[in-house]
Amino acid sequence: VQLQASGGGLVQAGGSLRLSCAASGSFFSINAMGWYRQAPGKQRELVATITSRGSTNYADSVKGRFTISRDNAKNTVYLQMNSLKPEDTAVYYCNAELETVVFGTKSYWGQGTLVTVSS
């Protein structure tokens, strides 16, 4: 099983980016999916999550600016980031809880994609 994240980059404050993360490999289904981020010198923190039914949860710091969504047919989760701020600069990691063939229910992480917001 692999989670492949993409879409990071350098953007000016006030700009937008869209992150994508696709799951591939041997699994029956995907439960919750989410995005986390880790800024230099800080702990990894939750950004947003979405359940298999589409219920969402956001960190207070991104509410109203970020939108998480998923395409179950493509096994992909997205994070639309608008009105970006320098404090959003971090490595963004996707996470998914999968029902796998070998391990049962297991959480997987993507490799991380760097988002840099310049002031």
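**Strand E8 and its surroundings**

In strand E8, valine 77 is the bridge partner of arginine 70. The model is predicted, and this briefing follows E8 through its pairings, then turns to the loops on either side of the strand and to a nonpolar patch on the surface.

**The sheet**

- An open sheet is formed by 4 strands in the order E1-E3-E8-E7, and the pairing within this sheet is antiparallel.
- The edges are taken by strand E1 (2–6) and strand E7 (66–71), and because each of these has a single partner strand, one side of each is left without a neighbour in the sheet.
- From one strand to the next, the twist of the sheet averages 15 degrees.

**Strand E8 and its partners**

- Strand E8 (residues 76–81) is joined to strand E3 (residues 17–24) by 6 bridges, and the two strands run antiparallel.
- Among the pairs between these strands, arginine 18 has glutamine 80 of E8 as its bridge partner, while alanine 22 stands opposite threonine 76 of E8.
- Strand E7 is also joined to E8 by 6 bridges, again with the two strands running antiparallel.
- Is E8 largely enclosed or not, and how many of its residues are buried? Of the 6 residues of E8, 5 are buried, that is, under 20% relative accessible area, and the strand is therefore largely enclosed by the rest of the structure.

**Two loop residues with positive phi**

- Most residues other than glycine have a negative phi, which gives the background for the two residues described next.
- Asparagine 75, which is not a glycine, has a positive phi of about 50 degrees; this residue is placed in the loop between E7 and E8, and the hairpin of these strands has 4 residues between them.
- With a relative accessible area of 24%, asparagine 75 is partly exposed.
- Serine 83, likewise a residue other than glycine, has a positive phi near 50 degrees, and lies in the loop between E8 and strand E9 (90–100).
- Serine 83 counts as partly exposed, at 41% relative accessibility.

**A nonpolar surface patch**

- Which residues form the nonpolar patch on the surface? The patch is made up of Phe28, Val101, Val102 and Phe103, which together have about 500 Å² of accessible area.
- Phenylalanine 28 has its place in strand E4 (residues 27–38), and with a relative accessible area of 66% this residue is exposed, the cut-off for that class being over 50%.

Key
Residues are numbered from 1 along each chain as its sequence is written. This is a predicted model: local features need pLDDT of at least 70, side-chain atom pairs count only at pLDDT 80 or more; totals for chains, interfaces and linings use all residues. Side-chain values use heavy atoms; hydrogens and water are left out. Two strands pair if DSSP finds at least two bridges between them. Axes are lines fitted to C-alpha atoms, for helices over the stretch in contact, and angles run from 0 to 180 degrees between N-to-C directions. Patches are made of residues with over 30% relative accessible area and no salt bridge: like charges are joined within 9 Å, nonpolar side chains (Val, Leu, Ile, Met, Phe, Trp, Tyr) within 5 Å. Accessible areas come from the Shrake-Rupley method with a 1.4 Å probe; for residues, only the protein chains shown count as cover. A salt bridge is a side-chain nitrogen of Lys or Arg within 4 Å of a carboxyl oxygen of Asp or Glu. Buried means under 20% relative accessible area, exposed over 50%, partly exposed in between (1.4 Å probe, protein chains only).
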